[in-house]
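The questions below introduce a structure to a reader who meets it here for the first time. Please look through the sequence and the model before reading on.

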Amino acid sequence: MDLSQECRDSIIKHLFEKGCTQVEILRMLKNVHNISVSQRHLRRILQKLGLKRRSDERSISTIFSAVKVELQHWSPAKGIRAMHRRIRDERKIQPCYRNDVNQAMKQFDATGLRMRTPGKCKIERKNYFSKGPNDVWHIDGNDKLKFYGIWVHLGIDGFSRRIIWLQAGTSNRKPGFIARYYLDAVIRENGCPQLVRADRGKENKLVALLQTSFRQRHCDSLAGINSFRYGKSVHNQRAECFNSYLKKSWICLWQERFEKMVGSDILDISNPVHIHCLQFSFLQLIQNELKLEAMEWNNHNIRKQRGVVGPFGKPELLYYSPPEGSNNQLQRVDKDLLEYATNYCGDADEPFQVGNKSFRWLCSTQLHGTTFEDRSTIQNATTCYIHLASYFMNKLKIMKADIPKNFSEANSIYTFIEQNLRV
């Protein structure tokens with residue numbers, strides 16, 4: 001097998017494992033990778049690679065066990081289809097029938113199934129029109145976890161509903177952070193959208209400057225200052241829709257976890273030291289979960305709805321291979337403008353930097369060689385938080401210092417502790 005065949009087969013395997021149908025795989029091969037394959041030959045390739053969705057040899061016990069494990073950290077608002085994608089596409093248990101997952105959910109989550117019965121709630125919908133991918137990017141922040149020092153920001157394509165970025169950080173009120181998310185997306189997608197839509201927040205002013213600068217040299221009707229549009233947050237339809245989904249399916253779960261910590265008296269949200277320890281312990285884990293949420297959303301199927309204008313299908317597929325009549329509206333950005341824009345944005349890892357350098361050094365020193373240095377699980381992150389919070393509060397007790405009133409006072413204390421340790 002030559003290199004081109006290996007590359008083609010690896011692409012087909014990747015698309016198959018993401019849950020794409022044969023028709024969708026053929027579209028992506030032709031429109032994105034410029035590879036022409038007949039449907040009959042595609043079936044032969046899938047058979048040769050041992051990729052199949054249906055088989056009587058599937059392990060029902062493995063599927064049931066995986067569903068049971070996932071339900072331990074599963075949002076009650078997410079149903080059978082989301083669980084089926086998680087088991088099939090993320091846990092790579094294939095073949096896996098939706099009916100198998102349904103049976104497992106009936107056994108382990110009967111209450112949730114009743115709660116999610118169709119017709120329990122109705123959402124008022126309005127028609128939304130877009131020319132194609134990258135016609136409009138909608139950006140918005142979610143501050144439902146702000147009392148715990150965690151802020152979420154997102155960018156979503158209006159046509160395909162594909163998540164462009166979904167980032168957690170120590171703030172979504174700093175213009176440099178939001179500009180970094182936007183600039184990274186422009187570099188990653190090799191261009192900017194025709195229009196960016198945001199609410200009237202000061203954190204969006206730098207994105208407005210970059211977007212209008214990138215579009216200043218273009219000649220269409222939305223070039224220059226017309227390429228960025230402010231409006232009410234409730235009218236930012238695409239972003240509000242995903243924010244609502246995120247709140248019900250993911251944020252409510254983390255609110256419950258943090259509320260339990262508050263109820264157990266191991267977390268005091270009025271204590272800046274506790275908030276810093278919480279951010280340091282949980283930020284990376286939260287970002288990993290958000291990455292998984294974005295991946296699942298981008299590969300879920302948007303079903304046809306009566307009285308609603310499309311397009312319908314998987315956001316990832318609609319973005320990279322739009323249907324006929326809808327062209328990609330991505331706008332080219334000159335390299336000199338991209339290089340100049342980096343001077344206005346924060347560093348890529350700045351939204352994850354908790355406290356000051358002294359705080360991060362003290363945390364790294366305390367965690368070095370411990371079993372919970374890897375904070376990739378909830379258990380390890382919780383243990384890490386308890387360890388760090390106890391360490392800093394004991395230091396305050398030894399110093400006979402009061403609990404800091406704000407983050408600035410807390411940073412001064414971290415610097416003092418580090419200086420004493422290094423002497």
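**Charges, fold and cores**

Q: How many positive and negative side chains does the protein have, and how far apart do the centres of the two sets lie?
A: This is a predicted model, in which local features need pLDDT of at least 70 and side-chain atom pairs count only at pLDDT 80 or more, while totals for chains, interfaces and linings use all residues. Residues are numbered from 1 along each chain as its sequence is written, and side-chain values use heavy atoms, with hydrogens and water left out. Lys and Arg count as positive and Asp and Glu as negative, with His and the chain ends not counted, and each charge is placed at NZ of Lys, CZ of Arg, CG of Asp or CD of Glu. On this basis there are 66 positive and 43 negative side chains, and the two centres lie 6 Å apart.

Q: What is the radius of gyration of the protein?
A: The rule for a globule, applied to C-alpha atoms, is 2.2 Å times the number of residues to the power 0.38. For 423 residues a compact globule would come near 22 Å, and the protein agrees with this at 24 Å.

Q: Which helix gives the largest share of the largest nonpolar core?
A: A nonpolar core joins buried Ala, Val, Leu, Ile, Met, Phe, Trp, Tyr and Cys residues through side-chain atoms within 4.5 Å, where buried means under 20% relative accessible area with a 1.4 Å probe, protein chains only. The largest one has 48 residues, with Trp250 and Phe282 among those with the most contacts inside it. Helices and strands are DSSP runs numbered from the N terminus (H or I, at least four residues; E, at least two), and the largest share, 11 residues, comes from H11.

Q: What share of the residues of the protein is buried?
A: The count is taken over the 423 residues of the protein. The buried share is 49%.

Key
Buried means under 20% relative accessible area, exposed over 50%, partly exposed in between (1.4 Å probe, protein chains only).
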